[in-house]
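Here is a short tour of one protein model, best read with the viewer open. Let's take a look together.

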Amino acid sequence: MRQAANVGLVGAVDGGREAYDRRRALPRLIAIDPRELEPGDVALDRVIEARLKRALRAERRRGRAGHWTYDLNRHIALLQALAGESRGSPGSAEARPSPVTPDHQSQTAKTMNAVRRTGRRS
């Protein structure tokens with residue numbers, strides 16, 4: 001069952017990466033103004049990636065703690081955004097390798113198991 005959940009998570013993240021639109025997703029996830037998102041701005045790309053990673057860590061902590069504000073959909077959306085950013089913004093010269101590694105997936109699976117054990121759902 002755990003393996004099936006991991007396969008489903010990988011499919012959800014990959015599908016979200018393909019449909020990723022940074023102007024639509026980032027304002028909801030990390031509170032950034034869509035007008036600030038200029039293509040090809042390497043410094044901004046680094047800031048966005050750092051904010052996404054920080055938000056993902058915070059969401060994972062909430063899930064493991066069984067906090068009532070944990071949201072699995074937000075957790076998956078953060079993973080999708082991080083994967084989407086890794087493929088390169090529309091104006092960037094090249095795509096970077098995906099930062100969403102098997103380690104991210106296993107941490108997310110552990111978080112989902114912790115949420116299941118506590119019986120709390122968002």
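## Helix H4

In this predicted model, the buried residues of H4 are His75, Ile76, Leu78, Leu79, Ala81, Leu82, Ala83, Gly84, Glu85 and Ser86. The start of H4 is worth a closer look: there, a side-chain oxygen of aspartate 71 comes to within 3.1 Å of the backbone nitrogen of asparagine 73.

How does the length of H4 hold up? With 15 residues at 1.5 Å a residue, H4 should span 21 Å, and its end C-alpha atoms are 21 Å apart, so the two values agree.

## The largest nonpolar core

The largest nonpolar core holds 20 residues, and those touching the most other members are Leu26, Ile30, Ile32, Ile48 and Leu52. Two or more residues come from each of helix H1 (2-18), helix H2 (22-30), helix H3 (42-65) and helix H4 (72-86). The biggest contribution to this core is that of H4, which gives six residues.

You can zoom in on leucine 26 next. Leaving aside residues up to four places away in sequence, leucine 26 touches Tyr20, Ala31, Ile32, Leu37, Ile48, Leu52 and Glu85.

## A buried aspartate in H3

Helix H3 also contains aspartate 45. Is this residue buried or exposed? Its relative accessible area is 5%, and because buried means under 20%, aspartate 45 counts as buried.

Which side chain does aspartate 45 meet in a polar contact? The partner is arginine 22, and the contact joining the two side chains is 3.0 Å.

Terms used:
Residues are numbered from 1 along each chain as its sequence is written. This is a predicted model: local features need pLDDT of at least 70, side-chain atom pairs count only at pLDDT 80 or more; totals for chains, interfaces and linings use all residues. Side-chain values use heavy atoms; hydrogens and water are left out. A nonpolar core is a set of buried Ala, Val, Leu, Ile, Met, Phe, Trp, Tyr and Cys residues joined through side-chain atoms within 4.5 Å. Buried means under 20% relative accessible area, exposed over 50%, partly exposed in between (1.4 Å probe, protein chains only). Helices (H or I, at least four residues) and strands (E, at least two) are DSSP runs, numbered from the N terminus. Contact means heavy atoms within 4.5 Å. The expected span of a helix is 1.5 Å times one less than its number of residues. A polar contact is a pair of N or O atoms within 3.5 Å; within protein, one must be able to donate a hydrogen and the other to accept it, and residues adjacent in sequence count only if both atoms are side-chain atoms.
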